[in-house]
Amino acid sequence: MDLLLNEQQRMLQSTIQDLLRRDFTKETLVAIDAGDVDGSHGWPALASTGLLGSLVPEEHGGAGGSFSDAGVVFEELGRGPVPGPHFSSGVFATLALRECGNDEQQAAHLPRIVTGDEVFAVAVTEPEYGWERGDVQLVAERTSGGYTLSGVKLHVPDAVHATHLLVAARTAGENVGLFIVSADAPGVACRTLRGLSTGLGEVRLDGVTVGDEALLGGGPDAWDAFERAMLQATAVLSAYQVGGLESVFQMCLEYSRTRRQFQQPIGRFQRVQDHIIDIVNHLDAARWTTYEVLWKLDTGRPAESGVHMAAALASEGYYLACNAAHDVHAGVGIVREYGLTLHTRMSRTLYHHLGSPRYHRRRVADALGLQPGLS
Amino acid sequence: MDFELEWTPEQDAFRKEVRAWIEQNVPDIPDHPDPADLTREEYELQREFGRRLGVKGWLYPTMPAEYGGGGLSMELAMALEEELDRYNMPLPPYYDTGGKLGGVAILVWGTEEQKAHFLPMILRGEIRTWQLLTEPESGSDLASVRTTAIRDGDEYVVNGTKIFVGSSHGAEYSWMIAVTDPDAPRHENLGWLMMPMDLPGITVEQMDLLFVGGERGAASGIKNTVYFDNVRVPAFNLVGGEGNGWKVAGTHLEIEHGLLRSAVRDDPLTERVFDYARSAKRGGRPLLEDQDVRDRLVDFYIDAEVTRLLHFRNYAWRGQGRQLTYEGAQAYLYQKRGQLSKARAVLDVMGPQALVEAPDEWAVAGGHVEVHQRGAIVDQHPGGTAEIQRVIIARRLGIGREVREEPGRLR
């Protein structure tokens, strides 16, 4: 019951902090955000440290780490916030391969995810947006020896940086399979959506043909296994948002001391203090629910309600903390080079990723048995 | 990062010993949703149980054994509390502010003679103590108290009025802050006194309040006004030296601001409300078919979970001797606000039935729900309002200031 990082995790944390100080300074992150530096900047450096293999089993070249270890890595990345496909590839796709892929598929792709030679994006959502089985409408038509995929995937993170896509598609009836699709296969077109979101894109599949070996696990339905992967990935995503919250909190604390109005630091005003207290409360609520559920996942305890609770608190907390931070900073907060808007955009971008806060809260209710007819 | 203790064989052996002892000694007392319904006879049984715990050093298990505590680790104390919790018995099993608040102040600030004199009787449960801080004109601004304790020979002469004091069945001692030097600057003008409650000139009068909590553990209790009229108390009873009363108070205020709650107890009301919602109907349809009802229930469940985790963090870190700063006030703020939002959610879901008191046939969950509706309001104020918790958090984080406020001394 120590509630502290262990020795190995502290080393992991310090490794990644060094990397971020070197390759992802605030200036660099702002330049990426402005489009002056390519979004794939720093990706090789990140991969070279092996940090992307945190969740990949040792037999496939990864660290074979725990969910808590991955939480340490992604909390640090979230502080930036460091954009890019590290989550999509190193967590989401990795876990999907672990839960749904057969031995050959894991052996073929996991080692290359660790080295960064392959970058995966996970394409689940569509114009009728949602994260449940029924929300997957794109059809994979059976052909001899394979499938043909046609349709649109929308709000897919990091698709333009991906070498491979993991595409959810209906195989037959209600069955949903996951297909490994090479990003440069004929008929695949990816573009990033412009706007307040960051890194979300459209993936168009126009008669894309894949062989049987592209279907994860080989069976007609992978959705139940994929839901396990989503649950695990969600907990790590919460850790990333905790990192973002921590940064927003520190920015506000610093600004409350240095910014003077009415001949005193603005942090002397209780109205300003209240905003920052709200932020630290969002931070700690997200932090401790996330840490606890990572521990539950690592120790094989029931984690469903905990994952959804942490996700709800992390997503809405990050969103609301950015709002409060803009109240504290006023005009300065929207100047791009100051850096707060990196978080504001990220908080909006992640708000719905793997489910919205309201969705997660309702899943908590389900997990608690608060459903009619269950008593 | 472990969120649960792994019990060693030694700890398991201790738990078995405790379990057997409790089975032999615990009094059988029916559940009273409103602790004020505890009878005098039942109270005396709990009081006696406390004395027996005190003999074992289990009344205040983590306090030093040399002064009558148990000298136990946080882990063993948790095992003890868990075993008592099986009988719905808190620690201490009656209202006493001695071993967790005032006694800690004596441990930190008292002379060896004072510690040897006061601590054993507190920690063994021989006496109960009340805390006397708030006054009619001093609430949130506690340092502005007006009660005086003026030195006269070997005694202090105490005059003034304290409010929101204590519980239903009295106390042998109180501890208090009072002005020892009316001419000294704020924060340097106070003394901290152990006050025997049988001295001439002390009058106790019960207040008429919305919530009478009674004598269950640290529940708010019946509250009293205490008047001091030329009460002469030995100078030996002033702890920490004249003019240092505010610093001494910093110790128990630090604990009261969010470090009191044990790691063991979950809020039993949540399950009671869930049970109601699972069986109740509205317009002939199951209540849980209403998505709004489900949303309201899960929202307060999540609030309660966050409160539990923040207290758990504080308990674990304090047990390791880590210096906490803003965390106590943060957990306390969450707890206070969570109770209020839960009360509203419950009122929304249950309707006016939530307001019916036991033993009326229409009371929900044996009256626990109505007691919570009252308690949620009353719990906003003890130990500092929610706003005061915010002030503490801001100062401890250093919002708008380079130098952060130091926490009160706990050792």
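Biologist: Let's start with one pair of residues. Which residue of S7(B) is the bridge partner of B:Glu205?

Modeller: B:Thr225 is that partner in S7(B). Keep in mind that we're looking at a predicted model.

Biologist: What makes strand S6 (residues 202-206) of chain B and S7(B) a pair?

Modeller: Two strands pair if there are at least two bridges between them. S6(B) and S7(B) are joined by five bridges, and the two strands run antiparallel. Five against a cut-off of two, so they count as a pair.

Biologist: How many bridges link S7(B) to strand S3 (residues 155-165) of chain B?

Modeller: Eight, and again the run is antiparallel. One of the residues involved is B:Thr161, whose partner in S7(B) is B:Tyr227.

Biologist: Do S1(B) and S4(B) run parallel or antiparallel, and what makes them a pair?

Modeller: They run parallel, with four bridges between them. The threshold is two, so this is a pair as well. Within it, B:Leu132 is matched with B:Met176 of S4(B).

Biologist: Why say that both faces of strand S1 (residues 129-132) of chain B are covered?

Modeller: Take the strand one side at a time. B:Thr129 and B:Gln131 are on one side, B:Trp130 and B:Leu132 on the other, and all of them are buried. Buried residues turn up on both sides, and that is what "covered" stands for here.

Biologist: Now a helix. How do you know whether H6(B) is largely enclosed or not?

Modeller: Count its buried residues: nine of the twelve qualify, so H6(B) is largely enclosed by the rest of the structure. Among them are B:Trp246, B:Val248, B:His252 and B:Leu253, and B:Glu254 and B:Glu256 are on the list too.

Biologist: What do the buried residues of H6(B) pack against?

Modeller: Parts of chain B: helix H4 (98-109), strand S4 (173-179), strand S5 (190-196), strand S8 (238-239) and helix H9 (327-350). As for its length, H6 (residues 245-256) of chain B reaches 16 Å from first C-alpha to last, close to the 16 Å expected at 1.5 Å a residue. Just past the helix, B:Gly258 has a positive phi of about 105 degrees.

Biologist: And chain A? How many residues of H8(A) are buried?

Modeller: 24 of its 29, so H8(A) is also largely enclosed by the rest of the structure. Helix H8 (residues 270-298) of chain A reaches 41 Å end to end, close to an expected 42 Å. A:Gly300 follows the helix, with a positive phi near 75 degrees.

Biologist: Is A:Leu149 called buried or exposed, and why?

Modeller: Buried starts at 20 or more other C-beta atoms within 10 Å. A:Leu149 has 27, so it passes. This leucine is in strand S3 (residues 146-157) of chain A. Leaving out residues up to four places away in sequence, its contacts include A:Leu138, A:Val167, A:Phe179 and A:Val210.

Biologist: Which residues touch the most other members of the largest nonpolar core?

Modeller: A:Ala96, A:Ala123, A:Leu149, A:Val167, A:Phe179 and B:Leu297, out of 159 residues. The largest share of this core, 16 residues, is from helix H7 (residues 223-258) of chain A. Setting aside neighbours within four places in sequence, A:Ala96 is in contact with A:Val122, A:Leu166, A:Leu178, A:Phe226 and A:Ala229. There's a second, separate core of 57 residues, including B:Met89 and B:Phe118.

Biologist: How many residues of each chain are in contact with the other chain?

Modeller: 37 of chain B, set against 38 of chain A. Within 7 Å between C-beta atoms is what earns the word "contact". On the chain B side, H8(B) gives the largest share, 14 residues. That side divides into 21 nonpolar, four polar and twelve charged residues.

Biologist: Last one, inside chain A. How many residues do domain 1 and domain 3 of chain A put into their contact?

Modeller: Domain 1 of chain A gives 25 and domain 3 of chain A gives 28. On the domain 1 side, H4(A) supplies the largest share, ten residues. The residues of that side come out as 14 nonpolar, four polar and seven charged.

Definitions and conventions
Residues are numbered from 1 along each chain as its sequence is written. Chains are lettered from A and ligands numbered from 1 in the order in which they are written. This is a predicted model: local features need pLDDT of at least 70, side-chain atom pairs count only at pLDDT 80 or more; totals for chains, interfaces and linings use all residues. The expected span of a helix is 1.5 Å times one less than its number of residues. Two residues are in contact if their C-beta atoms, placed from the backbone, lie within 7 Å. Ala, Val, Leu, Ile, Met, Phe, Trp, Tyr, Cys and Pro count as nonpolar, Asp, Glu, Lys and Arg as charged, and the others, Gly among them, as polar. A nonpolar core is a set of buried Ala, Val, Leu, Ile, Met, Phe, Trp, Tyr and Cys residues joined through C-beta atoms within 7 Å.
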